[in-house]
Every structure is written in C-alpha cells, then in structure tokens.
Amino acid sequence: MPLKQAITGAEAVAYAMKQINPDVVAAYPITPQTPVVEYFAKYVADGVVDTEMIPVESEHSAMSAVVGAAASGARAFTATASAGLALMHEIVFIAASLRLPIVMAVANRALSGPLNIHCDHSDAMAERDSGWIQLWAENAQEAYDFTVMAYKIAEHKDVRLPVMVNFDGFIISHGVEVVETLDDELVKDFIGKQIKMYPLLDTSNPVTYGSIDMYDYYFEHKRQQVEAMKYVPKVFKEVAEEFAKISGRKYDLIDEYMLDDAEYIMIALGSTAGTIKHTINELRKEGKKVGLLKPWIFRPFPKVEYQRLLNGRKAVVVLDRSASFGAEAPLYQSVKSALYEIAVKPQIGSYVYGLGGRDITPTHIQQAFEDAFKGDLIVDEERYLGLRE
Amino acid sequence: MAELKGWKDLPIGGLVLEPGTAKKYRTGTWRVLRPVFQPENCISCMFCWLYCPDQSIVVELVDGKPKMKGFDYYSCKGCGLCANVCPKNIDPKTKQPVAEEKRAIIMKPETDFVEE
Ligand code: SF4
Ligand code: SF4
C-alpha cells in the first residue's frame with residue numbers, strides 16, 4: 001500500500017535511497033543538502049540498509065569515492081549543493097566521461113559570492129555541460145519519484161550516464177509536504193538487479209579505468225557521450241511508463257500544464273512551477289489562455305518537444321533562476337535556440353528571478369504574463385522579477 | 001602504432017578491456033635524453049631497476065644474482081631517474097657528480113643517436 005507521509009524533500013530523497021539500499025554512499029554535509037545525508041546516516045546506523053557509508057573530508061572526495069565505487073560495480077549515491085557541487089566539478093566530468101551510473105541529489109543553492117545559502121539554480125547550471133542527465137523536481141513528491149527512477153535510467157545499457165536529481169534548496173529540501181511513498185518491495189522490484197558493465201571487481205575480466213586519453217582517442221570518447229545522451233529521452237519515457245504502472249504518477253520529458261489551448265506559455269524549472277500553476281489557475285478564471293511548460297529533464301534538452309509544443313503560440317515567457325553573466329540565461333538560451341527552426345515563432349522574453357532565494361510570488365508571475373499579453377516582450381532584453389531598481 | 005578506431009568501435013568511457021596493453025605503447029618515442037650504460041662502472045646494486053617507472057632496465061641472472069645489462073629503448077622514456085639514483089654517479093665524499101667516464105649511467109641527448 002502506498003503510504004502518505006508528511007516529510008521534507010530531503011527526507012523524501014533519503015527515504016527513496018533507503019528503499020534502493022545502495023552499496024555505497026559517500027557524502028559531505030552542506031546546507032541545504034545536509035538533512036538528506038543525516039536521514040540516510042540514521043538508516044545506516046539503525047541497520048535498515050546495508051550501505052557502506054563513507055564520511056569523506058570534502059565534496060571532491062565524495063565524488064571521487066562514488067566514482068571509485070561505481071567503477072568497481074557498486075550502486076553509488078551522493079548528495080550535495082552549491083559550493084559542494086562546485087568543489088566536485090572536476091570529478092563530476094570524470095563520472096560522466098567514465099560512463100558511471102551514479103545518482104546524485106542536488107538541493108539547489110546559490111553559488112557564492114557574496115555568501116548565500118538559499119535557493120537558486122546556479123550550482124546545477126554550472127554543471128550543465130558536464131555530461132550528467134539533469135532531472136528537475138517541482139516538489140518533494142517529484143524529488144522522491146525521480147530518485148526512485150534515476151538508477152534505471154543511469155544503468156540502462158544504451159545510456160550509462162550519471163543522473164543529477166535537482167530539488168530546490170530549502171523550498172523543497174526543508175519544506176514539509178505530503179509525499180506518497182511506495183512499498184519497499186515495489187521499489188526493490190522496480191529498481192531490479194543492478195546492470196553491471198565492466199566492474200573492476202570482476203577480476204577474471206580485468207579492465208582499466210581512467211587511463212590517459214590523448215588527441216588520438218579523447219575526441220572519439222566525447223562523441224560517444226554525445227551519442228549516449230541521444231538515447232536518454234527514449235529510456236526516460238520507458239522508465240516513466242513503468243513507474244506510472246506502480247505509482248499512478250505519470251512523468252514525461254516535459255510537464256504540460258494547461259498547454260493544449262494556451263496562447264501564452266511560461267517555462268520554468270523547479271518549485272516555482274507550483275506558484276506558476278496557481279497563477280495560471282487564477283488567470284484562467286479571467287479567461288486568459290495561459291499554460292506552463294515545465295521541463296522535468298533539462299539535460300539532455302529535448303529540443304524537438306519544445307518545437308512541437310511552442311510552434312504557433314502567441315508568446316513564450318522563460319523564467320531562469322540563474323544568470324549567465326554576459327550572455328542569455330541558460331534555460332532561455334536553450335529555448336530560444338530551439339525556436340530558431342520552427343515555422344511560426346512566438347514572441348519570446350527572458351525573465352531572471354529568485355537569485356539567492358529571493359521570493360517569487362504570483363504577482364511577479366502575473367507581471368511577466370501581463371507583458372506577454374501586451375505584446376511587450378523583447379527577444380534581446382533580459383528582465384528581472386522581484387529586483388529593486 | 002595500430003590503426004586508429006572510430007568512435008563506434010571503441011569501448012565506452014575510455015576503458016581498456018584487456019590487461020597488459022601498456023606493452024603495446026612505445027613510450028620510447030617520448031625520449032629526449034637517452035640513458036647510456038657503462039657496464040665497467042656498474043656494481044649491480046639494482047637501484048636503477050627498482051626505481052625505473054617503465055621497467056626498462058634489462059636484467060640478467062648471472063650465478064643466481066641479478067646483473068644490470070642495459071636499457072630497453074622501446075619503453076624507456078628518458079626520465080633519467082635511473083641515472084639519478086645510481087650510486088656510481090655521485091662521489092660519496094663530495095656528494096658531487098663524478099666525471100662522466102666513471103659513471104655507470106650517463107644521459108645523452110637523443111639527437112646524438114639520430115643515425116640509428
Ligand atoms: S631513463 Fe627512466 S625510463 Fe629510461 S631506463 Fe632510466 S629510469 Fe627507466
Ligand atoms: S644503479 Fe647504477 S650501479 Fe646500480 S645496477 Fe644500476 S647502473 Fe649499476
């Protein structure tokens with residue numbers, strides 16, 4: 001029987017990991033990820049899981065330890081945020097390029113400086129070209145569900161890439177919500193037996209990981225990573241379909257909220273999507289044809305889906321919770337470049353919001369929609385929601 | 001070197017799926033300085049063999065004891081570690097390098113051997 005629990009997003013992720021019972025968890029605490037590891041450490045201390053937990057001295061070591069564990073053939077997990085993810089940066093790329101099916105939960109938090117511990121997406125966006133699959137949760141339920149789904153995507157023989165489960169720091173990680181969790185047995189069956197490829201501990205088939213790769217072969221290995229990403233949408237959809245059977249919750253590459261007849265579409269990642277849905281409900285009462293396109297997956301970027309969904313609409317408003325200094329904000333960049341190839345281009349506008357945990361309210365969202373209603377979107381202008389001039 | 005493969009024909013992740021493949025890699029092409037053995041000065045201490053990172057010291061057993069026989073230039077990358085650790089290259093009193101003809105290993109520019 002599914003169980004309804006009032007828990008935080010951090011506990012939801014830890015609970016999913018308890019059910020998955022990974023072989024190795026190596027992590028270093030950082031706000032607001034800390035409770036994920038605290039909850040999990042308690043499962044280890046209580047003997048509820050068989051996991052080898054490695055308390056490391058830094059995030060660089062945490063990622064290095066899970067890389068080693070995954071290469072040896074273990075199911076490995078870590079979690080981090082902000083500066084912690086930045087400290088992992090070097091090894092984040094190595095995890096992807098060694099094609100290791102690691103899962104990492106990221107409680108998204110602003111990068112310093114000035115020092116800030118609250119939510120924005122600059123940490124994950126700095127890793128968007130690292131070769132990791134990026135899933136983005138809107139709430140604790142999605143954070144739980146994506147954690148359950150992650151290994152099946154990562155370990156698929158056509159994929160073999162690490163998965164980052166992003167959930168907004170504090171807003172999701174520390175906010176208590178009702179989360180419907182699945183039975184342990186159901187999760188165990190769903191995850192299935194780990195699909196191992198080239199485990200180091202298989203000593204009768206010795207392999208070498210991490211040897212030097214010069215100009216003669218490095219390029220070919222990068223091309224393989226490009227190719228692996230192409231399989232992700234298909235595998236994600238398959239896993240999502242299977243997950244729907246056990247949970248009743250349907251996921252896709254994109255969450256379409258009131259999109260069918262929408263003329264004005266907003267695009268945003270993470271928890272803000274919830275506020276947008278609320279605002280859409282209000283605007284719909286006034287007869288406004290508004291909708292939300294919420295990416296559940298940001299890397300790979302399912303360009304074709306955006307083209308299908310945005311072709312012929314009146315206007316598209318893209319909200320970014322991180323800036324790209326000297327260039328367009330990351331989500332906006334990707335959406336705008338997807339629109340280059342479509343037949344009937346909508347008006348498009350870029351709005352940066354919520355940096356360093358700045359609150360975003362229905363009024364802000366309405367304000368951006370109003371600009372779109374008036375036809376006042378300028379493709380090359382970046383605007384800011386909730387910023388003092 | 002073997003013919004280079006395309007990306008579709010390679011194992012993923014830069015993995016090497018068979019052991020001992022370093023043997024096929026001619027690190028000798030990296031060499032800028034070449035170690036040259038002067039056997040008349042060698043005391044067979046085997047320091048060079050112990051320290052060489054590429055197992056390029058050729059050893060032969062004579063009466064059950066190892067003797068330094070020279071270098072395997074296929075793999076010797078010319079790092080000079082052997083010459084550096086060789087006790088015959090340093091005067092034990094002054095701790096200064098001894099004259100070249102008294103050393104057991106000398107490092108010569110690879111360009112001296114272009115004829116070969
Ligand atoms: S130069 Fe370096 S690689 Fe060559 S034999 Fe001496 S120690 Fe070995
Ligand atoms: S270190 Fe010098 S003396 Fe010792 S075996 Fe090698 S060449 Fe001979």
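**Exercises on a two-chain model with two ligands**

The structure, which is a predicted model, holds 32 salt bridges over all chains.

**Exercise 1.** Examine the salt bridge formed by A:Lys157 and A:Asp158, and decide how each of the two residues is classed by accessibility.

*Solution.* Begin with the general principle that side chains of opposite charge can pair when their charged atoms come close. In the model, the side chains of A:Lys157 and A:Asp158 meet at 3.4 Å, N to O, which lies within the 4 Å that a salt bridge requires. Next, take accessibility: A:Lys157 counts as exposed because its relative accessibility is 55%, and the limit for that class is over 50%. A:Asp158, at 24% relative accessibility, counts as partly exposed. As a further example to locate in the structure, the side chains of A:Glu341 and A:Lys303 form a salt bridge at 2.8 Å, N to O.

**Exercise 2.** Describe the interface between chain B and chain A by its area, its residues and its polar pairing.

*Solution.* Start from the area, since the size of an interface is often given as the accessible area lost when the parts come together. Between chain B and chain A about 1600 Å² is buried, and carbon and sulfur atoms give 66% of this. On the side of chain B, the residues that lose the most area to chain A are B:Trp7, B:Ile12 and B:Leu15, which together account for 40% of what that side buries. Then turn to the residues in contact, of which chain B supplies 16 and chain A supplies 18. Finally, consider the pairing across the interface: there are zero salt bridges between the two chains, while four residue pairs are in polar contact, both residues being at pLDDT 80 or more. The side of chain B that touches chain A is made up of ten nonpolar, three polar and three charged residues.

**Exercise 3.** Set out which residues come closest to ligand 1 and to ligand 2, and how each shell divides by residue class.

*Solution.* Around ligand 1 there are 13 residues, and those that come nearest are B:Cys52, B:Cys76, B:Cys79, B:Gly80 and B:Cys82. This shell of ligand 1 divides into nine nonpolar, three polar and one charged. For ligand 2, the surrounding residues number 14, with B:Cys42, B:Cys45, B:Met46, B:Cys48 and B:Cys86 the closest; the shell here holds twelve nonpolar residues, one polar and one charged.

**Exercise 4.** Determine how many disulfides the whole structure contains, and whether B:Cys76 and A:Cys119 are buried or exposed.

*Solution.* A search over all chains finds zero disulfides. B:Cys76 has a relative accessible area of 7% and is therefore buried, the limit being under 20%. A:Cys119, with a relative accessible area of 2%, is likewise buried.

Definitions and conventions. Residues numbered from 1 in each chain as written. Chains lettered and ligands numbered in written order. Predicted model: local features only at pLDDT ≥ 70, side-chain atom pairs only at ≥ 80, totals over all residues. Heavy atoms only, no water. Near = heavy atom within 4 Å. Nonpolar A, V, L, I, M, F, W, Y, C, P; charged D, E, K, R; others polar. Contact = heavy atoms within 4.5 Å. Buried area = accessible area lost by both parts, 1.4 Å probe. Polar contact = N/O pair within 3.5 Å; in protein donor to acceptor, adjacent residues only side chain to side chain. Disulfide = S-S within 2.5 Å. Buried < 20%, exposed > 50% of the residue type's maximum accessible area, 1.4 Å probe, protein only.
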